Amino acid sequence: MCSFYFCIFETVQYRRALTVLLKASIPLPEGNASEKTSVYLNPTLTTPCTVGFFHCRIFLPSVSLSDSEENWLLTHEKKHISRKDSFFKLSLYGLSLSALV
């Protein structure tokens, strides 16, 4: 039962962190990603990251990048999305929680 409450707590923390991340981010034009993926620039990040399961968001740091570097980063992050890495990470997280019980 404790793990259930922990999962709820983590979900609430995740939603709050996503809200803060989105408020500090600047959306990039739609042409940079597919229709189910949004791309943002965020001045507080130092590394790119992908967030979300069904509507994925790619966050890039607000540093000056060449077009080829930005394209490479977007390709890399889109690869994480296409391989469903977020689902894999969530399942590993669930397994580690079940091992604690």
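Select S25 and N42 to begin: in this predicted model, the side chain of S25 makes a polar contact with the side chain of N42, at 2.8 Å. S25 itself belongs to the loop that runs between α1 (2–23) and β1 (26–27), and its relative accessibility of 11% means that it counts as buried. If you now show what surrounds S25, leaving aside its neighbours within four places in sequence, you will find Y40, L41, N42 and F59 in contact with it.

Two of those contacts of S25, Y40 and F59, are the next selection. Display their rings, and you have the 1 aromatic pair that a search of the whole structure finds. The pair formed by Y40 and F59 is stacked, with 5.2 Å from centre to centre and 20° between the planes. Y40 lies in strand β2 (residues 37–42) and F59 in strand β4 (residues 56–61), so the pair ties together parts of the chain that are 19 residues apart in sequence. Are these two residues, Y40 and F59, buried or exposed? Both of them are buried. The backbone tells a related story, since F59 is also the bridge partner of Y40 in β4.

From here, switch to a cartoon view and look at the sheet. In what order do the 4 strands stand? They form an open sheet in the order β1-β2-β4-β3, with mixed pairing. The edge positions are taken by β1 and β3 (49–51), each of which has a single partner strand, so that one side of each is left without a neighbour in the sheet.

Walk across the sheet one pairing at a time, starting from β1. β1 and β2 pair in the antiparallel sense over 2 bridges, and on this side of the sheet P27 stands opposite Y40 in β2. Moving on, β2 and β4 pair in the parallel sense over 6 bridges. β2 deserves a surface view as well, for this strand is mostly covered, with 5 of its 6 residues buried. The last step leads from β4 to β3, which run antiparallel and are joined by 3 bridges; here V51 stands opposite R57 in β4.

Before leaving β1 and β2, pick out P29, which is found in the loop between them. At 59% relative accessibility, P29 counts as exposed. P29 and Y40 are 11 residues apart in sequence, and their C-alpha atoms are 8.9 Å apart in space.

Next, select R57, which lies in strand β4. With a relative accessibility of 19%, R57 counts as buried, because the cut-off for that class is under 20%. Once its neighbours within four places in sequence are left aside, R57 is in contact with L18, L22, S38, Y40, C49, T50 and V51.

Now bring helix α2 (residues 67–82) into view. This helix lies across β2, β3 and β4, and it runs at about 145° to β4. Which residues make up the largest nonpolar core? Select L28, V39, C56, I58, L60, L73, L74 and I81, which are its 8 residues in all. The elements that give two or more residues to this core are β4 and α2. Apart from it lies another core, of 5 residues, which include L18, Y40, V51 and F59.

Within the largest core, centre the view on I58. Not counting residues up to four places away in sequence, I58 touches T37, S38, V39, Y40, C49, T50, L74, E77, K78 and I81.

Finally, zoom out to the whole chain. Its secondary structure comes to 3 helices and 4 strands, and from the N terminus on the elements run α-β-β-β-β-α-α. Of the 101 residues of the chain, 23% count as buried. Among the contacts with a separation of 6 or more, residues 24 or more positions apart account for 36%.

Note on methods:
Residues are numbered from 1 along each chain as its sequence is written. This is a predicted model: local features need pLDDT of at least 70, side-chain atom pairs count only at pLDDT 80 or more; totals for chains, interfaces and linings use all residues. Side-chain values use heavy atoms; hydrogens and water are left out. Rings of Phe, Tyr and Trp (its six-membered ring) pair if their centres lie within 6.5 Å; planes under 30 degrees apart count as stacked, over 60 as edge-to-face and the rest as tilted. Buried means under 20% relative accessible area, exposed over 50%, partly exposed in between (1.4 Å probe, protein chains only). A polar contact is a pair of N or O atoms within 3.5 Å; within protein, one must be able to donate a hydrogen and the other to accept it, and residues adjacent in sequence count only if both atoms are side-chain atoms. Contact means heavy atoms within 4.5 Å. Two strands pair if DSSP finds at least two bridges between them. Axes are lines fitted to C-alpha atoms, for helices over the stretch in contact, and angles run from 0 to 180 degrees between N-to-C directions. A nonpolar core is a set of buried Ala, Val, Leu, Ile, Met, Phe, Trp, Tyr and Cys residues joined through side-chain atoms within 4.5 Å.
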